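These are my notebook entries on one protein chain. I looked up the sheets, the pocket and the charged pairs in turn.

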Amino acid sequence: MIRSLALVVACLALAAPAFAGTPVELNAHLVDSSGHVTLGELFDDAGPARDVLVAERTGPSVVLDASAVQAFARRFGLDWDNPRGISRIIVHADTVGLGAPQNHDILVYAHSLAAGQVVQGSDIVWAKAAGVPADAPAGADAVIGMAARRPLREGDPVLTHDIAAPLVIKSGETVDVTYADDSITLTLQAKAMANAAIGDTLNVLNTASKKMIEVLATGPDQAVVGPQAQRLKAERNPAQIALR
């Protein structure tokens with residue numbers, strides 16, 4: 001969850017010193033070593049306001065609402081115009097030591113996600129880090145629309161092994177299985193024997209004949225068998241089909 005600054009603003013509003021407005025820029029390396037994120041850690045040239053507490057960091061990182069930070073800083077005479085229009089500010093723990101270079105852009109989670117939750121564009125943001133994890137995705141397009149394999153925490157780096165295609169069929173559910181050929185289309189109901197994402201093959205039990213059938217998942221509780229399934233498999237893995 002994005003940390004709210006409302007409480008800090010309310011408590012310090014009356015005590016805020018009347019500094020003249022000073023233009024500031026967001027620091028290039030947003031790291032914190034004490035767990036107490038200050039205006040000086042967020043902005044260059046924070047001056048007398050550098051030690052003002054903005055938020056507490058209890059984990060490996062804290063995600064702040066950029067608009068709230070902007071308003072809070074203004075109360076202490078710091079004018080940040082947010083030229084890039086960012087919506088979230090992520091401050092990481094300085095685990096390597098003060099001054100550690102944070103020169104790499106990586107994707108991190110803007111807030112925590114539950115297992116199975118589908119990643120939306122607003123769930124991830126770019127942040128600076130000392131290095132790029134070996135399992136990091138190439139970009140946001142590789143992540144959006146995928147589902148979390150496990151609970152993911154706010155500020156965690158996005159890793160490929162933590163996400164997978166969302167399930168459209170769950171084991172035990174009733175699935176509509178379609179057989180389509182040039183001149184005939186048949187649909188039957190079957191019981192899924194495994195979980196599946198779109199494009200996965202799975203076994204289903206024909207509830208009428210009690211026979212097991214291998215099908216291809218195409219959508220929520222939908223699957224195909226026969227020529228259509230073979231065609232879709234060939235489109236996904238043309239080299240593999242050609243070797244058969």
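**Entry 1: salt bridges.** I began with the criterion: a salt bridge is a side-chain nitrogen of Lys or Arg within 4 Å of a carboxyl oxygen of Asp or Glu. I note that the model is a predicted one. By this criterion I find four salt bridges in the structure. I looked up one of the pairs: the side chains of Asp 32 and Arg 57 meet at 2.9 Å, N to O. Where along the chain do Asp 32 and Arg 57 lie? Asp 32 belongs to strand S2, whereas Arg 57 sits in the loop between strand S4 (53-56) and S5. The two residues are 25 apart, and the pair thus links distant parts of the chain. As general background, side chains of opposite charge can pair when their charged atoms come close.

**Entry 2: the open sheet.** I next traced the sheet that contains S2. This open sheet has three strands in the order S2-S7-S5, and its pairing is mixed. Which strands pair on one side only? I recorded strand S2 (31-32) and strand S5 (61-65) as the edge strands. For S5 and strand S7 (residues 88-93), I read an antiparallel pairing over five bridges. In the register of that pairing, Ser 61 stands opposite His 92 in S7. I then looked for a helix on this sheet and found helix H3 (residues 66-75), which packs there and touches S5 and S7. The direction of H3 makes about 75 degrees with that of S5.

**Entry 3: the largest pocket.** I looked up the volume of the largest pocket and noted about 520 Å³ of space. Of the 22 residues in its lining, I list those closest to the centre: Leu 26, Leu 30, Arg 84, Ile 86 and Trp 126. Which elements give two or more residues to the lining? They are S7 and strand S9 (124-129). I sorted the lining by residue class and obtained twelve nonpolar, four polar and six charged residues.

**Entry 4: the barrel.** I turned to a closed sheet. Five strands form a barrel in the order S13-S14-S16-S17-S18, with mixed pairing. From one strand to the next, the twist averages 55 degrees. Helix H4 (residues 227-236) packs on this sheet, where I find it touching S13, S16, S17 and S18. The direction of H4 makes about 100 degrees with that of S18.

**Entry 5: pairings within the barrel.** I went through the strand pairs individually. Strands S13 (residues 174-180) and S14 (residues 185-192) are antiparallel, with seven bridges. They form a hairpin with four residues between them, and Tyr 179 stands opposite Leu 186 in S14. In which sense do S13 and S18 run, parallel or antiparallel? S13 and strand S18 (residues 222-225) run parallel and are joined by four bridges. Here I noted Thr 178 opposite Val 224 in S18.

Strands S16 (residues 201-206) and S17 (residues 212-219) pair in the antiparallel sense over five bridges. Val 204 faces Ile 213 of S17 in this pairing. S17 and S18 are also paired in the antiparallel sense, over three bridges, and I recorded Ala 217 opposite Ala 223 in S18.

**Entry 6: a turn.** I looked last at the connection from S17 to S18. The two strands form a hairpin with two residues between them. What is the sign of phi at Asp 221 in this turn? I noted a positive phi of about 55 degrees for Asp 221.

Technical notes: Residues are numbered from 1 along each chain as its sequence is written. This is a predicted model: local features need pLDDT of at least 70, side-chain atom pairs count only at pLDDT 80 or more; totals for chains, interfaces and linings use all residues. Side-chain values use heavy atoms; hydrogens and water are left out. Two strands pair if DSSP finds at least two bridges between them. Contact means heavy atoms within 4.5 Å. Axes are lines fitted to C-alpha atoms, for helices over the stretch in contact, and angles run from 0 to 180 degrees between N-to-C directions. On a 1 Å grid over the protein atoms alone, a cavity is a set of points where a 1.4 Å probe fits but cannot get out, and a pocket is an open set with protein on both sides within 12 Å along at least five of seven lines; lining residues have an atom within 4 Å of a point. Grid points are joined across faces, edges and corners, and a volume is the space filled by probe spheres set on the points. Ala, Val, Leu, Ile, Met, Phe, Trp, Tyr, Cys and Pro count as nonpolar, Asp, Glu, Lys and Arg as charged, and the others, Gly among them, as polar.
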